[in-house]
Amino acid sequence: TTSIETMAKWTVAEAKSDAVSKRMLLEHLQSNAEDAWLDQRKLVGQPTAVLKRVTKDALVQAYEELSSGSGGEAAAPSGSFKFAASPPSGGASGGTFKFEAPPSGGSAGSPAFAFSAPQEASARADPFAFNFSSAAGTPIAGDAVALEASDALQKDKAQRDLSAAQRRDATLAGLPAAVRGRVEALEKLQEESDAVQRDFDAKLAALRMECEQKKAPLFKSRAEAVGGDGVPDFWLTCLRNHMMLSEEIQKADEPVLKHLQDIKCSSTLGPGKPGFQLAFLFGPNPHFENETLTKTYLLDPTDEDEVLDRALGTDIKWKEGMDVTVRMVEKRQKKKGKVRTIKVEEPTDSFFNFFDPPEIPEDDEEMEEEEAEQLHEQLENDYDMGCAIKDKIIPRAVAWFTGAAIDPDEDYDDDEEEGEEDDFESDEEEDESDEEDEESEDDDDHVDTSKIKRGQGRGAPAEGQQECKQQ
């Protein structure tokens with residue numbers, strides 16, 4: 001069996017850091033743990049699929065359990081120092097601490113040296129001890145701090161239960177008259193600033209629309225040049241040359257994507273419907289009947305922040321035996337004492353899972369914290385893919401086809417990185433890098449996916465939703 005020391009490849013602090021990615025943790029767990037142990041923690045399966053459904057925290061917790069053997073901290077390396085237990089009274093004289101080697105024949109995990117406390121020789125050689133107690137009846141400072149913190153938390157909770165107008169009125173009521181007047185003057189300045197921002201937003205939206213209209217005939221000419229046998233594998237090559245998107249494209253996806261003739265995008269979803277829609281246009285092919293596959297991202301129009309409300313995919317009508325999102329596996333089935341082998345479909349990694357976005361349950365408020373974190377991560381990854389296609393691939397497709405748009409130094413996601421463990425970049429740095437590279441679209445694509453909204457996953461637009469006009 002594998003020893004705990006062997007299993008503890010990193011300290012827990014290292015495992016939690018950016019230096020150790022999710023993929024590195026998963027590979028370590030799958031290489032060292034039993035199948036039953038992995039299955040219990042939902043860590044069995046192809047790495048890409050597992051990484052989409054588990055969080056970094058869940059992997060670190062599993063790593064701690066595996067490393068310690070009991071769910072505790074990862075085992076410390078052999079040879080660490082420790083203090084020996086308090087000495088018994090009445091021993092030989094000796095008033096200083098000393099290093100003492102462990103007895104021979106000790107366990108492999110024993111420290112190389114241990115501190116041995118001096119034996120007590122007389123009344124004046126009292127053993128040293130920390131005294132954390134205080135005088136009877138006198139509260140220590142920590143109790144007062146805890147009480148203050150508790151009061152502050154209760155006040156914060158009470159404030160959150162109030163409406164925005166009630167919180168504002170309560171705040172102003174507690175101010176001196178002179179200060180209250182100054183705050184009211186600041187509120188008027190804020191109103192003027194907000195009006196300027198609304199005007200800017202409206203003009204920016206109009207400018208984007210004008211830009212889309214001017215690009216439409218150019219993209220149409222591009223599609224005509226690429227279509228048919230004009231430039232074979234044009235869009236497949238574009239997608240494969242983008243680091244994040246290439247991770248999603250499997251070998252079985254390539255014959256299907258060879259029939260992709262154009263990718264379009266539009267932000268015209270109808271009045272009061274912020275978001276965008278991607279349309280993938282396919283030529284006749286032996287894989288599915290659909291001519292167009294769409295992916296729509298709808299933002300919440302009632303939230304002042306950009307919050308993803310839901311994502312809508314497409315129900316792909318696969319022809320018999322051609323569905324690349326599943327694989328056939330053989331399983332042994334026992335019935336009435338007889339064992340037979342049957343073939344069943346099992347989900348597998350595929351680029352076309354992009355058209356089956358994560359579904360948000362109706363009772364999302366009752367979700368477990370870990371489950372909510374996993375859903376948030378899936379939504380964020382899904383939205384990042386959509387933005388990469390919208391902001392990177394479509395505007396500069398020929399540059400992605402030729403490879404001119406490839407940035408060899410780009411590290412889009414530490415968690416998906418394989419083989420380059422010494423080059424790490426935070427998500428914030430990655431977002432900034434993406435925005436700097438963006439030459440033809442807006443720079444505010446960061447959307448909050450942590451505010452979970454009830455929505456739909458796979459399927460056509462919801463009732464009353466118009467399919468957006470394509471460029």
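**Why we call it that: a chat about a predicted model**

Modeller: Let's start at the hairpin of E7 and E8: two residues lie between the strands, and Lys336 there takes a positive phi near 55 degrees. Keep in mind that this is a predicted model.

Biologist: What makes E7 and E8 count as paired strands?

Modeller: At least two bridges are needed for a pair. Strand E7 (residues 326-335) and strand E8 (residues 338-347) are joined by 10 bridges, so they pass, and they run antiparallel. One of the matches is Met328, whose bridge partner in E8 is Glu345.

Biologist: Val344 also lies in strand E8. Why is Val344 called partly exposed?

Modeller: Its relative accessibility is 25%. Buried means under 20% and exposed means over 50%, so a value in between is partly exposed. That's where Val344 lands.

Biologist: And what does Val344 touch, leaving aside its neighbours within four places in sequence?

Modeller: Val344 is in contact with Arg327, Met328, Val329 and Lys331. As for Val326, that residue is 18 residues from Val344 in sequence and 9.6 Å away in space, C-alpha to C-alpha.

Biologist: Let's move past E8. Where is Asp349 found, and is Asp349 buried or exposed?

Modeller: Asp349 is found in the loop between E8 and helix H13 (369-393). Its relative accessible area is 10%, which is under the 20% cut-off, so Asp349 is buried. Not counting residues up to four places away in sequence, Asp349 touches Gln46, Thr48, Ala49, Gln250 and Val324.

Biologist: Now the other sheet. What makes E3 and E6 edge strands?

Modeller: Four strands form an open sheet in the order E3-E4-E5-E6, with antiparallel pairing. Strand E3 (260-266) and strand E6 (308-312) each have a single partner strand, so one side of each is left without a neighbour in the sheet. From one strand to the next, the twist averages 10 degrees.

Biologist: How do you know that E3 pairs with E4?

Modeller: Same test as before: at least two bridges. E3 and strand E4 (residues 275-282) have six bridges, so they are a pair, in the antiparallel sense. On the E4 side, Leu281 is the bridge partner of Asp262, and Ala279 is the bridge partner of Lys264.

Biologist: Why is E3 described as largely enclosed by the rest of the structure?

Modeller: Count its residues: five of the seven are buried, so the rest of the structure largely encloses E3.

Biologist: What lies across the sheet?

Modeller: H13 does: this helix lies across E3, E4, strand E5 (292-299) and E6, and runs at about 70 degrees to E4.

Biologist: Time for helix pairs. What makes the crossing of H3 and H6 left-handed?

Modeller: The near helix has to be turned anticlockwise from the far one by less than a right angle. The axes of helix H3 (residues 22-32) and helix H6 (residues 56-68) cross at roughly 35 degrees and come within 10 Å. H3 passes H6 in the left-handed sense. The contact includes Leu25, Leu26 and Leu29 of H3, along with Leu59, Val60 and Leu66 of H6. By class there are eight nonpolar, two polar and two charged residues.

Biologist: And which classes turn up where H8 meets H9?

Modeller: That contact divides into three nonpolar, no polar and four charged residues. On the H8 side are Arg168, Leu172 and Ala173, and they meet Arg180, Val183, Glu184 and Glu187 in H9. The axes of helix H8 (residues 164-173) and helix H9 (residues 177-226) come within 9 Å and cross at roughly 145 degrees.

Biologist: How many disulfides does a search of the whole structure find?

Modeller: Zero. To count, a pair of cysteine sulfur atoms must be within 2.5 Å.

Biologist: Why are Cys238 and Cys265 called buried?

Modeller: Cys238 has a relative accessible area of 0%, and Cys265 is at 9%. Both values are under 20%, so both cysteines count as buried.

Biologist: What about the protein chain overall: how many helices and strands are there?

Modeller: There are 15 helices and eight strands. The protein chain has 471 residues, and 33% of them count as buried. Among contacts with a separation of 6 or more, 63% come from residues 24 or more positions apart.

Note on methods
Residues are numbered from 1 along each chain as its sequence is written. This is a predicted model: local features need pLDDT of at least 70, side-chain atom pairs count only at pLDDT 80 or more; totals for chains, interfaces and linings use all residues. Side-chain values use heavy atoms; hydrogens and water are left out. Axes are lines fitted to C-alpha atoms, for helices over the stretch in contact, and angles run from 0 to 180 degrees between N-to-C directions. Contact means heavy atoms within 4.5 Å. Ala, Val, Leu, Ile, Met, Phe, Trp, Tyr, Cys and Pro count as nonpolar, Asp, Glu, Lys and Arg as charged, and the others, Gly among them, as polar. Buried means under 20% relative accessible area, exposed over 50%, partly exposed in between (1.4 Å probe, protein chains only).
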